Amino acid sequence: MAIKSPKDFWAGVMFIAFGGGMAAIALNNYQMGSAVRMGPAYFPTVLGGILAVLGLILLARSLALKGEQVARFHFRPLLFILAACVAFGYFLKPLGLVGATLLLVFISAYGGHEFKWKEVAILFVVLFVFSVLVFVKGLTLPFPICPEAIEDFCRF
Amino acid sequence: MEILSNLALGFGVALSPFNLLMCLVGVLLGTLIGVLPGVGPVATIAMLLPITFNLSPVAALIMLAGIYYGAQYGGSTTAILVNLPGESSSVVTCLDGYQMARQGRAGPALATAALGSFFAGCVATLIVAMFAPPLAEVALKFGPSEYFSLMVLGLVAAVVLAHGSLIKAIAMVILGLMLGLVGTDVNSGVLRFAFGISELADGIGFVTVAMGMFGLAEIIANLEHKGAREVFTGKVKHLWPTKEDFKRIVGPVLRGTFLGSALGILPGGGALLASFGAYTLEKKVSKYSAEFGKGAIEGVAAPESANNAGAQTSFIPLLTLGIPSNAVMALMIGAMMIQGIAPGPQVMTERPQLFWGMIASMWLGNLMLVVLNLPLIGMWIKLLTVPYRILYPSILVFMCIGVFSLSNNPFDCLLMAAFGLLGYICVKLECEPAPMILGFILGPLMEENLRRAMLLSRGDPLVFFQKPISASFLVVSIILLVIIALPNIRRKREEVFVEET
């Protein structure tokens, strides 16, 4: 059978997987209880079931009615932006705010259309100084500014 | 007059120097992000939530509210000068505002937007002050079944007002409800859907979800096209509208204000719906309907008044029922919870300073906006020339710092990235994230009230139809769903959204 509406088809698949999966996890691991005393599995199972049914309707419709193609995924910005955020989180403690901001700005800028070393470097310096002044000094967020290894050398 | 003494109390709170400063910071920030295309109030408020930890509850809410209605002012500037909606509710302002700018009438268009917004802001503030107290009194009598049914109505309304496919919108609401259940179940203490990750024991942070689904997904989607913008940075002359203009905008501003106020109160409503509705209405009733789309000043006045009115009256369900009507209001609930305030009808009686202070600050904020913005227009225009390649890494830095500071845990950044991916997929599949966010915030509340209601009724689900208030909410929900499921109306609804987006 041909898929006539890929957008609906994949949305249907997503909802079936999510709803069905969550309902299955809830049923197998938590107590159902009764309508009077609902257990932790009750609400998620009902919702998951409804979600899966809605997914099925979308799926069935996508085989019958004509619809739009899924627009192309642009993997470059997607990967670079997401990677930049994750890198910031996991390198903030070992590399300090300076290292984490450096990674975030350079990785994310590389995901765009134009990448000019000089411009990005200036942007990094401005953002770093601003963040230190506003967030660390002004709002006293407990962020390390410098990398862990050389912490003792750069006390302000 | 009770309302006068209440307002006096409110102004006393709002006029304290620090609260006044926070109001100013809020409206300036709001205008800033409203002007910048690609940065919306949802992402900004989410970013600033962690920072409000250190503020008093009144100051925090005053600032956050200022961001929301400030963004409505700022959005119009971009719409008129660049033909890009700086803010989603300014989409329709582009149609006529940009045409006016091309005819060299950018000044009057900007002034009309500002004056219309100011008028609407004043009226909406009064409406909130008048209607919120009686509503809260009714809401105090609500039991779990009424609350559950009310939430159903709110979610149904969010679905009705979402763009595109009805089934997808319902599915997104349910997806949101389920994501809201992650974490420890309050009734049994069982850890649900945590997959052995200790960070998920307290549930998924709302800020993390909102920033990922709206902020990150938006940035990634924006980076898809190389945008060259044409900015009318040329001198904006003759700010003041002519006498003839004034005559033409009185009607549209009045109609826009009242329609906007009404649509703002609806669950699922708010600024976006208000501006669409007002433009459509104006096009129908105006004497100059032939000029619409070619630079009719009515096409700027009506939606701009309406979106500001809607932005403000959407606080009514939040303040009286504790139920958010849109994503921004859901964030405001988050802000209240951070401050240890349980949103609901009791806020007004237990914390009158907070309630009335916020209302008074709305009027002051609107005054600041109109006084500041007309002279500052030159500065906002300059901001528009900042290229996006500079803008988005800066936004990312603030988002990451904000998310990380929630619990000083790198896991939150990972989670935000995961929701960024989900948000991007949803953009591609045309599933709107707004209903999901609403479901997410209401999920735990709904489950809680459902359980309580069922316990009280000894497992009889008919209880929701036996209590008159609860039953009427459900009946309205069902009617709404049936109406939009009718083929005729569904086609019309799709047409409306296609025509206007």
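I started with chain B and its contacts between residues at least 6 apart in sequence: 80% of them join residues at least 24 apart. Worth keeping in mind throughout: this is a predicted model.

**Confidence**

I checked the scores next. The model comes with ipTM 0.90 and pTM 0.79. Chain B averages a pLDDT of 80, and 91% of its residues score at least 70. Going element by element in chain B, I found the lowest mean pLDDT, 54, in helix α22 (residues 487–500) of chain B. The highest, 91, belongs to helix α18 (residues 410–428) of chain B.

**Chain B overall**

I counted 22 helices and two strands in chain B. Its C-alpha trace spans about 70 × 55 × 50 Å along the principal axes. Does the radius of gyration agree or disagree with a compact globule? It agrees, because a compact globule of 501 residues would come out near 23 Å and chain B has 22 Å. Buried residues account for 60% of the 501 in chain B.

**Chain A overall**

Chain A has four helices and zero strands, so I wrote its pattern down as α-α-α-α. I ran the globule check here too. For 156 residues a compact globule would have a radius of gyration near 15 Å, but chain A has 24 Å. The box around the C-alpha atoms of chain A is roughly 60 × 45 × 25 Å along the principal axes.

I then looked at how chain A is divided: domain 1 covers 6–64 and domain 2 covers 75–153. The centres of domain 1 of chain A and domain 2 of chain A, over C-alpha atoms, are 40 Å apart. Of the 156 residues of chain A, 40% count as buried. For contacts in chain A between residues at least 6 apart in sequence, 63% join residues at least 24 apart.

**Where A meets B**

How many residues does each chain put into the contact? I get 56 from chain A and 54 from chain B. On the side of chain A that touches chain B, α1 (6–29), α2 (42–64), α3 (75–110) and α4 (117–138) of chain A each supply at least two residues. The most comes from α3(A), with 16 residues. By type, that side of chain A splits into 41 nonpolar, twelve polar and three charged residues.

**The nonpolar core**

I pulled up the largest nonpolar core, which has 225 residues. Cys85(A) and Ala210(B) have the most contacts inside this core. Here again α3(A) shows up, giving the most to the core with 19 residues. Domain 1 (6–64) and domain 2 (75–153) of chain A each put at least three residues into this core.

I then clicked on Ala210(B). Setting aside residues up to four places away in sequence, Ala210(B) touches Val42(B), Ala46(B), Ala327(B), Leu331(B) and Ile437(B).

**A look at Leu321(B)**

Last stop was Leu321(B), which sits in helix α13 (residues 315–321) of chain B. Buried or exposed? Leu321(B) has 24 C-beta neighbours inside 10 Å, and the cut-off for buried is 20 or more, so I logged Leu321(B) as buried.

I also noted its partners beyond four places in sequence: Ala139(B), Leu150(B), Gly344(B) and Pro345(B) are in contact with Leu321(B). For Leu321(B) and Ala139(B), the C-alpha atoms are 6.1 Å apart, with the two positions 182 residues apart along the chain.

Technical notes. Residues numbered from 1 in each chain as written. Chains lettered and ligands numbered in written order. Predicted model: local features only at pLDDT ≥ 70, side-chain atom pairs only at ≥ 80, totals over all residues. pLDDT = per-residue confidence, 0-100. Domains from an automatic or database assignment. Rg over C-alpha atoms; globule rule 2.2 N^0.38 Å. Buried ≥ 20, exposed ≤ 12 C-beta atoms within 10 Å, placed from the backbone. Contact = placed C-beta atoms within 7 Å. Nonpolar A, V, L, I, M, F, W, Y, C, P; charged D, E, K, R; others polar. Core = buried A, V, L, I, M, F, W, Y, C linked by C-beta atoms within 7 Å.
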